[in-house]
Amino acid sequence: MTDWSFYHLTRSPLEVALPKLLERVVAANLRAVVLFGSEERVEAFNALLWTYESASFLPHGTVKEGMAARQPIWLTAEDENPNRADVAVLTEGVSVAKPGGFTRILDIFNGRDELAVAAARLRYKEAKTAGHWLKYYQQTERGWTLAHEARAE
């Protein structure tokens, strides 16, 4: 089953948290597909990942650049995996039709938005029912803290 981690944003926005999580994915020699709610968000994050920190580099691409198979990080608004990613990063409440096709799922949601929190709870219950290994992380002043783990019964 897929290792499904929920990341509850409370201290920083997605624009700050996502690059740091993607750095960990790349450092682990894994590939990621990052799913957004719209093409506009894909373009915004495409630009952000080139400039978020002057000393960092996150190799990534979108449909505009092409060559998906060569990209360690693929940004998209479609339910796809053209770079054969190990990790799916879900943002803005998006989901994947076949979560079992990934080793890990990172589900990042806005903890300041009650609708986003309610939707994340529903995704958590669905993932548990489907038999995935679940982890729930909260942001603290020191970074991410594992607040809960659950194995489906």
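E39 counts as partly exposed, because its relative accessibility is 36%, where buried means under 20% relative accessible area, exposed means over 50%, and partly exposed lies in between (1.4 Å probe, protein chains only). The residue has its place in helix α2, which covers residues 39-51; helices here are DSSP runs of H or I with at least four residues, strands are runs of E with at least two, and both are numbered from the N terminus. Together with E40, E78 and D79, E39 belongs to a patch of negative charge on the surface. Such a patch is made of residues with over 30% relative accessible area and no salt bridge, like charges being joined within 9 Å, and the place of a charge is taken as CD of Glu or CG of Asp.

The model is a predicted one, in which local features need pLDDT of at least 70 and side-chain atom pairs count only at pLDDT 80 or more, while totals for chains, interfaces and linings use all residues. Residues are numbered from 1 along each chain as its sequence is written, and side-chain values use heavy atoms, with hydrogens and water left out.

**Salt bridges**

Side chains of opposite charge can pair when their charged atoms come close. A search of the whole structure finds 8 salt bridges, each defined as a side-chain nitrogen of Lys or Arg within 4 Å of a carboxyl oxygen of Asp or Glu. The table lists three of these pairs, including two that share D3.

| Pair | N to O distance |
|---|---|
| R104 and D3 | 3.7 Å |
| D3 and K135 | 3.6 Å |
| K64 and E43 | 3.9 Å |

In the pair of R104 and D3, the side chains meet in a salt bridge. This pair links distant parts of the chain, with R104 in strand β5 and D3 in strand β1 (residues 3-9), 101 residues apart. D3 also forms a salt bridge with K135. That second pair likewise joins distant parts of the chain, since D3 is in strand β1 and K135 in strand β6 (residues 133-140), 132 residues apart. D3, R104 and K135 are thus linked in a network of salt bridges. Within this network, D3 is buried because its relative accessible area is 18%, K135 is buried as well, and R104 counts as partly exposed at 25% relative accessibility.

The salt bridge between K64 and E43 connects the loop between α2 and β3 with helix α2, the two residues being 21 residues apart. K64 is exposed, with a relative accessible area of 64%, whereas E43 counts as partly exposed at 26%.

**Positive phi values in loops**

Most residues other than glycine have a negative phi. At N29, phi is near 60 degrees, a positive value in a residue other than glycine; N29 lies in the loop between α1 (14-27) and β2 (32-35) and counts as exposed because its relative accessibility is 71%. At M67, phi is near 50 degrees and is also positive; M67 has its place in the loop between α2 and β3 (73-76) and is exposed, with a relative accessible area of 52%.

**N110 in strand β5**

N110 lies in strand β5, which covers residues 104-110, and counts as partly exposed at 38% relative accessibility. Leaving aside residues up to four places away in sequence, N110 touches L9, A116 and V117, a contact meaning heavy atoms within 4.5 Å. The C-alpha atoms of N110 and G61, 49 residues apart along the chain, are separated by 24 Å.

Key: Patches are made of residues with over 30% relative accessible area and no salt bridge: like charges are joined within 9 Å, nonpolar side chains (Val, Leu, Ile, Met, Phe, Trp, Tyr) within 5 Å. Accessible areas come from the Shrake-Rupley method with a 1.4 Å probe; for residues, only the protein chains shown count as cover. Lys and Arg count as positive and Asp and Glu as negative; His and the chain ends are not counted.
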